[in-house]
Every structure is written in structure tokens, then in C-alpha cells.
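I sat down with this model to look up a few local details. Here are my notes, in the order I took them.

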Amino acid sequence: MGYTLREDLHFCVSDARVQFLDLRSMRYSTLLEPAQTAFLKLIKREPLLESQQEAIGALIRKGVLAHSVSDQVPSPCRLDCPASASILDLPMARFRIIDVLAASWRFLRVRRQIARGMAQKALFAIQTRRRPTLASYQGNLDAIAAAYRWSGLLTGVHDLCLPRSIAMAQHCASRGVPAKLVIGIRPDPFLAHCWVQHEDLVLNDDIDNVRTFTPILVI
């Protein structure tokens, strides 16, 4: 018998702590003892003591975990290509004013969705708008990155990483650019952050900043 995590829950392990992201409420939480030790042993497939089995049972009753007919266990979030560079350190590509305005409009639309409690819908739109990767996507990637870089001067960037990154990821998806939205956390003191990444190249943040976060959701 195995276990699955509730569908809209995602987690990572950072500094030996289990951190959850609940997409229904866009809230973060961490497990307390003895549930944390029990959960860590569960995902490592280590034998559980009786008290730890009881802690797992409590997580099932709370709806965090569910029994599975297979022997699977939940897996923490993984980013296939860890970030190693940022496009912000490269010469900026040419941009058109119309592209900057389009980026600003997309950002404002996503920001309104988040303010109305529709962040999960905005995140799922990244997947539904994803087109097959174009063979000549590099030009689109450079143009989108430049447009969002300049649009930040119009809309501001402080504490706006989530709507800006969702908008950019949606834009990339609709233009056949293979990019992923990444939400990461830093546990002590707790901080969440969001960015967009193409393979190992960060498209809208500094590499030194991104490296301090552990991914908890990748779309």
C-alpha cells in the first residue's frame, strides 16, 4: 500500500523541513513534529515506528495524504535544470513598444486575477495555453524577456514576482517558447519567490537571488 498527496498540494524539503504549498488558497505551511519526521521517513521509504504511523494516520484524516493501491509515495518538487545563468546578465535584445505594452497588459490582467482569488486559474492557464515548441523560438524568447524587463519600469517590480512571472510564463507558452514558471521558498526566515526559467537560464531575475530558493512548484 502506498500514499498520494492531495492533488492541489505541492511540497519541497528545505533545511530538513517539509514545506507545503496549497494551490487552492495559495498558502504555505510546514509540518510540525512528530508529523514532519514521519513524513520524511515515509517519502524515503524508511520503516515507521508506531507513533510515526499514527502521525501519518492523522495526515490522512486531515486530507493531506490518501491511500494508494500502488506502493508509491509523494515526491518533492524537482527542477530538471537548476538555474546557472540569467538573461539579465546578457546584452538586451531589441524590443518594440507594442511588445512592452502587451507585457504590461498581461501583467495587469494576471494581477487582477490574483487579487480576486483566482491565482490557481492563472497558473493553470500556463498549461492550457502552451503551444508546441517552435524550432525558431529563440527570437520570441529574447523579445519576450526584453519586453517584460522594460515593462517593469512602467508597472514596478517590488513584491510583484508572482503576477509578473505568471504573465511572462503564459506569454512564453502562447508563443511556443519552452519556459517554466518556478515558485521557490526559503525557510528561515520564510520567504517565497517566483521566476520564469528556460532550461538553466533565468528570464526575469538575478541568478544569485534565485539560487537561494528551493523550488516547491514548477509549471
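**Aromatic rings**

I started with the rings and found 5 aromatic pairs in this predicted model. I looked at Phe11 and Phe20 to begin with: their centres are 6.0 Å apart with 50° between the planes, a tilted pair. Both Phe11 and Phe20 are buried. Phe39 joins Phe11 and Phe20 in one aromatic cluster.

Next I turned to Trp195 and Phe213, where the centres lie 6.4 Å apart and the planes stand at 50°, so this pair is tilted. What does the pair tie together? Trp195 sits in strand S8 and Phe213 in the loop between helix H7 (207-210) and strand S10 (214-218), so the pair links parts that are 18 residues apart in sequence. I checked burial for each partner. Trp195 has a relative accessible area of 1% and is buried. Phe213 comes out at 7% relative accessibility, which means buried too, as the cut-off is under 20%.

One more ring caught my eye: Arg164 lies over the face of Phe107, 5.6 Å from the ring centre.

**Helix H6**

I then followed helix H6, residues 161-174. H6 has 14 residues and spans 20 Å from its first C-alpha to its last, close to the 20 Å expected at 1.5 Å a residue. Is H6 mostly covered or mostly uncovered? I found it mostly covered, with 13 of its 14 residues buried. After H6 comes Gly176, which has a positive phi near 70°.

**Backbone: positive phi**

Which residues other than glycine show a positive phi? I noted two cases in the loop between strand S2 (9-14) and strand S3 (17-22), Asp15 and Ala16. Phi is near 55° for Asp15 and about 65° for Ala16. I looked up their exposure as well. Asp15 has a relative accessible area of 60%, so it is exposed. Ala16 has 53% relative accessibility and therefore counts as exposed, the cut-off being over 50%.

**Backbone: cis peptide bonds**

Last, I went through the cis peptide bonds I had marked. Glu33 and Pro34 are joined by one, with omega about 5°. Pro34 belongs to the loop between strand S4 (27-30) and helix H1 (35-43). Another cis bond runs from Asp188 to Pro189, with omega near -5°. Where is Pro189 found? I located Pro189 in the loop between strand S7 (180-187) and strand S8 (190-198). Strand S8 was already in my notes as the home of Trp195.

Definitions and conventions
Residues are numbered from 1 along each chain as its sequence is written. This is a predicted model: local features need pLDDT of at least 70, side-chain atom pairs count only at pLDDT 80 or more; totals for chains, interfaces and linings use all residues. Side-chain values use heavy atoms; hydrogens and water are left out. Helices (H or I, at least four residues) and strands (E, at least two) are DSSP runs, numbered from the N terminus. Buried means under 20% relative accessible area, exposed over 50%, partly exposed in between (1.4 Å probe, protein chains only). The expected span of a helix is 1.5 Å times one less than its number of residues. Rings of Phe, Tyr and Trp (its six-membered ring) pair if their centres lie within 6.5 Å; planes under 30 degrees apart count as stacked, over 60 as edge-to-face and the rest as tilted. A charge sits over a ring if NZ of Lys or CZ of Arg is within 6 Å of the ring centre and within 35 degrees of the ring normal.
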